[in-house]
Amino acid sequence: TENRHLQVRRADELVLDLPALNVDLVVLLGRIQVTAAAWVCCAQHGIPVTLLSRLGRFYGRFEPRAVARRGILAAQFIANQEGSLDLSL
């Protein structure tokens, strides 16, 4: 994790780099390593982490406390007030 981004690396190669605000869930499959900084980033952003074996057997789940994403919620509220967001189902 760097600057509130979650990164996936294979050896020393950067495979994926996402802003934590764009991540809803992390699923860890197989034998992997996760840095303490990545766990903290997930906790701070309310991102749950599911751990599975390489064959998909469930090991457990890390469920951080709910974190309100104030900026996103505020933008949605404003858009709804302006009539530019359709919340109907």
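The questions and answers below go through the fold, the sheet, two strand residues and the largest pocket of a predicted model.

User: In what order do the elements of the chain run from the N terminus on?
Analyst: The model is predicted. Its secondary structure comes to two helices and five strands. From the N terminus on, the order is β-β-β-α-β-β-α.

User: What percentage of the 89 residues in the chain is buried?
Analyst: Buried here means under 20% relative accessible area. The chain has 89 residues, and the buried share is 21%.

User: Which strands are the edges of the open sheet?
Analyst: Three strands form this sheet, with mixed pairing. Their order is β3-β4-β5. An edge strand pairs on one side only, which is the case for β3 (26–29) and β5 (58–62).

User: By how many degrees are neighbouring strands of this sheet turned against each other on average?
Analyst: The sheet in question is the open one ordered β3-β4-β5. With direction ignored, the average turn between its neighbouring strands is 15°.

User: How many bridges join β4 to β5, and which residue of β5 stands opposite Val-49?
Analyst: Strand β4 covers residues 49–52 and runs antiparallel to β5. Four bridges join the two strands. Opposite Val-49, in β5, stands Phe-62.

User: Which residue in the turn of the β4 and β5 hairpin has a positive phi?
Analyst: Five residues lie between the two strands of this hairpin. The positive phi in the turn is about 95°, and it belongs to Gly-56.

User: At what angle does helix α1 run to β5?
Analyst: Helix α1 spans residues 36–44. It lies across β3, β4 and β5. Its angle to β5 is about 60°.

User: Is Thr-50 buried or exposed?
Analyst: Thr-50 lies in strand β4. Its contacts beyond four places in sequence include Val-26, Val-27, Leu-28, Phe-58 and Gly-60. The relative accessible area of Thr-50 is 10%, and the cut-off for burial is under 20%, so Thr-50 counts as buried.

User: Why does Arg-61 count as partly exposed?
Analyst: Arg-61 has its place in strand β5. Leaving out residues up to four places away in sequence, it touches Leu-25, Pro-48, Val-49 and Thr-50. Partly exposed residues fall between the 20% and 50% cut-offs. Arg-61 therefore belongs to that class, because its relative accessible area is 44%.

User: How many Å apart in space are Arg-61 and Val-26, C-alpha to C-alpha?
Analyst: In sequence, Arg-61 and Val-26 are 35 residues apart. In space, C-alpha to C-alpha, the distance is 9.9 Å.

User: Which residues lie nearest the centre of the largest pocket?
Analyst: About 730 Å³ of space lies in this pocket. Its lining takes two or more residues from each of β1 (5–10), β2 (13–19), β3 and α1. There are 22 lining residues, and those nearest the centre are Gln-7, Val-8, Arg-9, Gln-33 and Val-34.

User: How many residues of the pocket lining are nonpolar?
Analyst: The lining of the largest pocket divides into three classes. One residue is charged and four are polar. The nonpolar residues number 17.

Notes: Residues are numbered from 1 along each chain as its sequence is written. This is a predicted model: local features need pLDDT of at least 70, side-chain atom pairs count only at pLDDT 80 or more; totals for chains, interfaces and linings use all residues. Side-chain values use heavy atoms; hydrogens and water are left out. Two strands pair if DSSP finds at least two bridges between them. Axes are lines fitted to C-alpha atoms, for helices over the stretch in contact, and angles run from 0 to 180 degrees between N-to-C directions. Contact means heavy atoms within 4.5 Å. On a 1 Å grid over the protein atoms alone, a cavity is a set of points where a 1.4 Å probe fits but cannot get out, and a pocket is an open set with protein on both sides within 12 Å along at least five of seven lines; lining residues have an atom within 4 Å of a point. Grid points are joined across faces, edges and corners, and a volume is the space filled by probe spheres set on the points. Ala, Val, Leu, Ile, Met, Phe, Trp, Tyr, Cys and Pro count as nonpolar, Asp, Glu, Lys and Arg as charged, and the others, Gly among them, as polar. Buried means under 20% relative accessible area, exposed over 50%, partly exposed in between (1.4 Å probe, protein chains only).
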